[in-house]
Amino acid sequence: MFDKLDDILIHYEELMLELSSPDVTTDAKKFQKLMKEQADLAPIVEAYKEYKQAKQAIEDSLLMLEEESDEEMRELAKMELADSKKKVEELEQTIKILLLPKDPNDEKNIVLEIRAGAGGDEAALFAAELYRMYVNYAESQHWKIELVSVNENGIGGFKEVQAMINGKGAYSKFKYESGVHRVQRVPETESGGRIHTSTATVAVMPEAEDFDIVIEDKDIRIDVMRASGNGGQCVNTTDSAVRLTHMPTGIVIYSQTEKSQLQNKEKAFRLLRSKLYDLEMERRQNEEADARRSQIGTGDRSEKIRTYNFPQGRVTDHRIKLTLYKIDNVMNGDLQELLDALITADQAIRLSRLNETN
């Protein structure tokens, strides 16, 4: 590990020199590429430098204990030695995590799909609440939300909703949300006051770039029609809605939220590319079998991942056996504690696998 860190340190210093070169500063594309590489390496380099300083502090403290006879100074050296040893252990763990292979999709925007599951109207109401929860979280991160399509049930619930969330690192956070979400509460539609269990399924896909997935014109059928439901002025008066059918896979995309047919078409193609990219990711994960599927965030979407129990005021994530008694905060978009715990658990699994192979 330390040979690799020394190589990274040398490469980082070379990068810094290259970035200051006039040839690079006048080449915007190259400069941007090098800046991204520098930003990716900076946390590792900083942690490694701190680690080396802490190791040096241990040596200095040990030398002081050998040479110093004054008891007060020896006690001071012992305290510094203990602090430095603790810091070295913490930094070793930090560096191991920083050196873990990064998910190439982590920085991407996402496509979010939520579908009502078992539970009729109550499931649709829950799906709408989940959507608002994610919108609130995305807004807290200053990310942009674009609604693609929504199928409402008439009482404020969503049978299905699709949206795009654009923001740096969106997939790195939202990828842990794919799966079945379960709600337990007395439904608004239930007069008997009995607790019901309903479900909604969440799917999170990284948005594919043009170069990730190439779509052939011959594989696509494009239909245009008048939009239905909410969507603003003129939504029902022009043929602005677009439906794409991808013949090889049978995937159908419907986009109606924009007034312009061109804008709906663009959204539909973005969504189709992401769905095809997601299918390719799933195929690769199946080939990689257990090692990949065991990671949190890449599991089966039919897996029950979380329960929202309103009578008890709790949210339980079943993958990491974490329960938070703050359901109102979570439903309002306060997801950071949950996501941080999932990220930490995922890193622990990956570190464990890495140690097994070394």
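This report describes a helix contact, a sheet, a set of aromatic rings and two loop residues in a predicted model.

Helix H1 (residues 2–19) and helix H3 (residues 28–67) have axes that come within 9 Å and cross at roughly 135°. That angle makes H1 oblique to H3, since oblique covers what is left once angles under 35 degrees, over 145 and from 65 to 115 have been assigned to other classes. The crossing of H1 and H3 is left-handed. Sorted by class, the residues in the contact of H1 with H3 comprise 17 nonpolar, two polar and six charged ones.

Further along the chain, three strands form an open sheet in the order S6-S7-S8, and their pairing is antiparallel. Strand S6 (220–225) and strand S8 (251–255) are the edge strands, each of them pairing on one side only. From one strand to the next, the twist averages 15°. Strands of a sheet pair through backbone hydrogen bonds, in either a parallel or an antiparallel manner. Between S6 and strand S7 (residues 241–246), which run antiparallel, there are six bridges; valine 224, for example, has valine 242 in S7 as its bridge partner.

The structure also holds seven aromatic pairs. In the pair of tyrosine 137 and tryptophan 143, the ring centres are 6.1 Å apart and the planes stand at 80°, so the pair is classed as edge-to-face, the cut-off for that class being over 60 degrees. Both tyrosine 137 and tryptophan 143 are buried. These two residues belong, together with Tyr134 and Phe174, to one aromatic cluster.

Two loop residues deserve a separate note on backbone geometry. Most residues other than glycine have a negative phi. Histidine 142, however, has a positive phi, near 65°, and lysine 321 likewise has a positive value, near 55°. The table sets out their positions and accessibilities.

| Residue | Phi | Loop | Relative accessible area |
|---|---|---|---|
| Histidine 142 | near 65° | between helix H5 (120–140) and strand S2 (144–152) | 73% |
| Lysine 321 | near 55° | between strand S10 (314–317) and strand S11 (322–324) | 72% |

At 73% relative accessibility, histidine 142 counts as exposed, because the class begins over 50%. Lysine 321, with a relative accessible area of 72%, is exposed as well. Histidine 142 thus contrasts with tryptophan 143, since the histidine is exposed whereas the tryptophan is buried.

Note on methods. Residues are numbered from 1 along each chain as its sequence is written. This is a predicted model: local features need pLDDT of at least 70, side-chain atom pairs count only at pLDDT 80 or more; totals for chains, interfaces and linings use all residues. Side-chain values use heavy atoms; hydrogens and water are left out. Two strands pair if DSSP finds at least two bridges between them. Helices (H or I, at least four residues) and strands (E, at least two) are DSSP runs, numbered from the N terminus. Axes are lines fitted to C-alpha atoms, for helices over the stretch in contact, and angles run from 0 to 180 degrees between N-to-C directions. A crossing is left-handed if the near helix is turned anticlockwise from the far one by less than a right angle, and right-handed if clockwise. Ala, Val, Leu, Ile, Met, Phe, Trp, Tyr, Cys and Pro count as nonpolar, Asp, Glu, Lys and Arg as charged, and the others, Gly among them, as polar. Rings of Phe, Tyr and Trp (its six-membered ring) pair if their centres lie within 6.5 Å; planes under 30 degrees apart count as stacked, over 60 as edge-to-face and the rest as tilted. Buried means under 20% relative accessible area, exposed over 50%, partly exposed in between (1.4 Å probe, protein chains only).
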